[in-house]
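Colleague: Could you take me through this model and tell me what lies behind the words you use for it?

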Amino acid sequence: MIKSILPLRAVELGYIANARTLLDGISLTINRGTFTVVLGPNGAGKSLLLRLLHGMLEPSTGTISWANGSSADRRRRQAMVFQRPVHLRRSVEANIVFALGALGIPRKDRSGLVQLALERAGLTAARRVHARLLSVGEQQRLSVARALAAEPDILFLDEPTASLDPVSVHRIETLLIEANARGTAIVLVTHDVSQARRVGQKIVFLHDGRINGQGPAPSFLDNPNSDVARAYLAGKIIV
Amino acid sequence: MVREFREKPYMHDLNAAILLAAQLIYTGDADLLEIIGLSIGVSLTAVLASCVIGMLLGAAIAVLKFRGRGAVTILLNSLMGLPPVVVGLGVYLLLSRAGPLGVFGLLYTPTAMIIAQTILVMPIVAALTRQVVEDFYAEYDEQLRSLGVRGRRLVTTLLWDARYSLITVALAGFGRAIAEVGAVMIVGGNIDHLTRVMTTAIALETSKGNLALALALGIILVGVSLLVNGAVASLGRRFGRSRYD
């Protein structure tokens with residue numbers, strides 16, 4: 001067992017596409033076992049930042065560094081949940097088995113991890129159901145279960161509850177809080193202020209591709225240290 | 001008078017053909033069964049070979065980023081319309097005694113027919129597979145990259161998940177192979193009891209003026225095609241295709 005790949009350090013990240021600067025001067029650190037909420041309006045660059053941190057895109061400027069591990073370790077010890085759940089055309093169980101296989105988890109360890117993941121997500125009864133027959137809420141829960149099955153050091157989530165009803169949202173938030181308590185660092189992108197209040201320990205407020213303000217969740221949300229963040233949190237439309 | 005002369009024999013032929021077809025099937029005519037067996041055997045083998053090569057090739061083109069990918073795609077799509085007689089001629093030149101593969105003595109054998117049909121069907125399977133797999137890849141791309149799925153695992157995952165669409169691709173290939181006459185005629189030679197298949201038999205009987213027998217064979221050919229498609233469709237239902245998409 002190698003040491004945690006965290007902390008993750010991003011220094012002066014920038015991303016330019018088609019001569020447009022989409023992210024600029026982003027510096028942040030993600031420590032072990034933390035719960036960070038990236039908040040901001042649409043088009044602020046939240047999803048893009050997540051993809052850079054997860055290694056799906058290369059930043060145009062700046063660096064991302066991890067504390068430990070080879071590049072293969074880093075791939076294995078981080079996971080991401082996307083806004084729209086994408087599952088393979090096979091059973092609930094087979095989807096998790098596939099993910100564990102792709103991450104290089106030894107065959108003998110897989111069934112135990114699958115069982116645990118299904119139990120935690122409340123999907124044990126649906127294990128043999130075809131994944132695409134689940135409701136959207138259950139599908140997203142399966143996405144989270146699949147991402148957490150290998151007990152990653154860090155989990156990125158890109159607005160995972162954007163189109164879900166309150167019960168489904170609650171179940172997913174519970175899964176995230178439990179995983180966080182077991183030591184997985186969570187980075188959650190959302191534009192839902194009340195969700196940030198419910199789960200976040202630290203808030204990073206993104207606006208126009210830059211970090212506009214950040215701080216510990218309760219104090220930042222009650223008393224944001226930037227005008228744009230204050231307007232956003234007050235429910236005003238930012239243009 | 002003229003009209004009567006044209007119509008009557010035709011109607012007569014059609015009735016006679018249906019009667020003859022029923023008779024041939026009912027009595028289990030040995031020659032007919034041999035021809036049907038060879039037709040299906042040659043075409044199924046060609047489709048199988050085409051699927052192995054074409055699906056891997058199509059999937060590889062769908063997921064790989066390389067220079068000239070657009071040109072390869074256009075080429076593959078154009079090859080779907082290869083004229084069978086041209087393929088037949090090409091394979092004939094390759095396999096004839098003086099040709100580069102002449103030493104194997106394959107001309108006028110079922111193997112030659114399989115080779116020709118594989119060349120005809122493979123581009124269809126590859127081009128359609130590329131399209132199907134590309135659509136799946138667009139949907140799965142981020143999730144699979146996040147899981148670190150690459151290379152061979154990526155191709156096999158996409159092919160397996162697209163399996164129900166790919167059955168339709170294989171059927172399109174089978175349709176092309178079983179209905180094709182130009183290539184098998186040239187490289188098979190339509191030799192009785194050796195390389196005679198349904199399409200070449202129909203061509204021969206028509207040219208001999210045995211319109212009833214030709215029509216009877218045609219009806220059976222269409223029937224065989226329906227049977228194969230029906231069998232695949234019911235297999236798909238049994239394994240729950242409708243539940244899977």
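Modeller: Happily! Chain A carries 30 positive and 19 negative side chains, with the centres of the two sets 5 Å apart. This is a predicted model, where local features need pLDDT of at least 70, side-chain atom pairs count only at pLDDT 80 or more, and totals for chains, interfaces and linings use all residues. Residues are numbered from 1 along each chain as its sequence is written, chains are lettered from A and ligands numbered from 1 in the order in which they are written, and side-chain values use heavy atoms, leaving out hydrogens and water.

Colleague: What makes a side chain positive or negative here, and where is its charge placed?

Modeller: Lys and Arg count as positive, Asp and Glu as negative, while His and the chain ends are not counted. The charge sits at NZ of Lys, CZ of Arg, CG of Asp or CD of Glu.

Colleague: Why is chain A called as compact as a globular protein of its length?

Modeller: The globule rule is 2.2 Å times the number of residues to the power 0.38, and the radius of gyration is taken over C-alpha atoms. For 239 residues the rule gives 18 Å, and chain A has a radius of gyration of 18 Å, so the description fits.

Colleague: Why is helix H3 of chain A called largely enclosed?

Modeller: Buried means under 20% relative accessible area (1.4 Å probe, protein chains only). Nine of the 11 residues of H3(A), residues 92–102, are buried, so the rest of the structure largely encloses this helix. Among them are Val92(A), Phe98(A) and Leu100(A).

Note on methods. Buried < 20%, exposed > 50% of the residue type's maximum accessible area, 1.4 Å probe, protein only. Helix = DSSP H or I, 4+ residues; strand = E, 2+ residues; numbered from the N terminus.
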